Amino acid sequence: MVYAIVRAGGRQEKVSVGDLVTLDRVDAEAGSTIELPAVMLVDGEKVTTSADELSGVKVTAEVQENLRGKKIVIHKFKNKTGYHKRQGHRSELTRVKVTSIA
């Protein structure tokens, strides 16, 4: 079993070949290929974490689609003062499919 931990959008994701991963928005069109920086690589019993060895590791992924996340509603309320504030947002996301770890 080969998998890698990659840095993507301020978070770290565990990926292996063929996985569909949803990341924060990446500036790429659907169908294009991106490269994700590896933080750790596990190849069977061998675990690689040194930066020198990881500089040669390439994790490539194909962009499937750009989408938006679920709507999040924030409502602040203070009792007996008449104060309430509503706010919301939808995150900009990108879904990618990991094609190779080399």
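**Exercise 1. Elements and overall dimensions**

How many helices and strands does the protein chain have? Describe the order of the elements and the overall dimensions.

Solution.
Step 1. The model is a predicted one. Its protein chain contains one helix and 10 strands.
Step 2. Read from the N terminus, the elements follow the pattern β-β-β-β-β-β-α-β-β-β-β.
Step 3. The C-alpha trace spans about 60 × 30 × 20 Å along its principal axes.
Step 4. The radius of gyration of the protein chain is 19 Å, whereas a compact globule of 102 residues would have one near 13 Å.
Step 5. Buried residues make up 28% of the 102 residues. Of the contacts with a separation of 6 or more, 64% come from residues 24 or more positions apart.

**Exercise 2. The first hairpin and its sheet**

Determine how strand 1 and strand 2 pair, then place them in their sheet.

Solution.
Step 1. Strand 1 covers residues 2-8 and strand 2 covers residues 11-15; their pairing is antiparallel, over five bridges.
Step 2. Two bridge partners in strand 2 can be named: Q12 for R7, and R11 for A8.
Step 3. Two residues lie between the strands of this hairpin, and G9 adopts a positive phi near 65 degrees.
Step 4. The open sheet has four strands in the order 2-1-5-6, paired in the antiparallel sense. Strand 2 and strand 6 (46-48) are the edge strands, each pairing on one side only.
Step 5. On average, neighbouring strands of this sheet are turned by 10 degrees against each other, direction ignored.

**Exercise 3. The nonpolar core**

Identify the residues with the most contacts inside the largest nonpolar core, and the strands that supply it.

Solution.
Step 1. The largest nonpolar core has 19 residues, and A4, V15, I34, L36, V59 and V96 have the most contacts inside it.
Step 2. At least two core residues each come from strand 1, strand 3 (20-24), strand 4 (33-36), strand 5 (38-43), strand 7 (59-68) and strand 10 (92-101).
Step 3. Take V96 as an example. Beyond its neighbours within four places in sequence, V96 contacts D19, L20, V21, L23, I34, A61, E62, V63 and Q64.
Step 4. As a general background, nonpolar side chains in soluble globular proteins tend to be buried together.

**Exercise 4. Surroundings of T60**

Is T60 buried or exposed? List its contacts.

Solution.
Step 1. T60 belongs to strand 7.
Step 2. The relative accessible area of T60 is 17%; the limit for buried is under 20%, so T60 is buried.
Step 3. Setting aside neighbours within four places in sequence, T60 contacts T33, I34, V98, T99 and S100.
Step 4. With S100 there is also a polar contact between the two side chains, at 2.6 Å.

**Exercise 5. M1 and S16**

Classify M1 and S16 by accessibility, and show that they touch.

Solution.
Step 1. M1 sits in the segment before strand 1, and S16 in the loop between strand 2 and strand 3.
Step 2. M1 has a relative accessibility of 72%; exposed means over 50%, so M1 is exposed.
Step 3. S16 has a relative accessibility of 12%, under the 20% limit, and therefore counts as buried.
Step 4. Not counting residues up to four places away in sequence, M1 touches S16, V42, D43 and G44. By the same rule, S16 touches M1, V2, Y3, V98 and I101. Each of the two thus appears in the list of the other.
Step 5. The C-alpha atoms of M1 and L36 are separated by 19 Å, with these positions 35 residues apart along the chain counted as their spacing.

Notes
Residues are numbered from 1 along each chain as its sequence is written. This is a predicted model: local features need pLDDT of at least 70, side-chain atom pairs count only at pLDDT 80 or more; totals for chains, interfaces and linings use all residues. Side-chain values use heavy atoms; hydrogens and water are left out. Two strands pair if DSSP finds at least two bridges between them. Axes are lines fitted to C-alpha atoms, for helices over the stretch in contact, and angles run from 0 to 180 degrees between N-to-C directions. A nonpolar core is a set of buried Ala, Val, Leu, Ile, Met, Phe, Trp, Tyr and Cys residues joined through side-chain atoms within 4.5 Å. Buried means under 20% relative accessible area, exposed over 50%, partly exposed in between (1.4 Å probe, protein chains only). Contact means heavy atoms within 4.5 Å. A polar contact is a pair of N or O atoms within 3.5 Å; within protein, one must be able to donate a hydrogen and the other to accept it, and residues adjacent in sequence count only if both atoms are side-chain atoms. The radius of gyration is taken over C-alpha atoms; the globule rule is 2.2 Å times the number of residues to the power 0.38.
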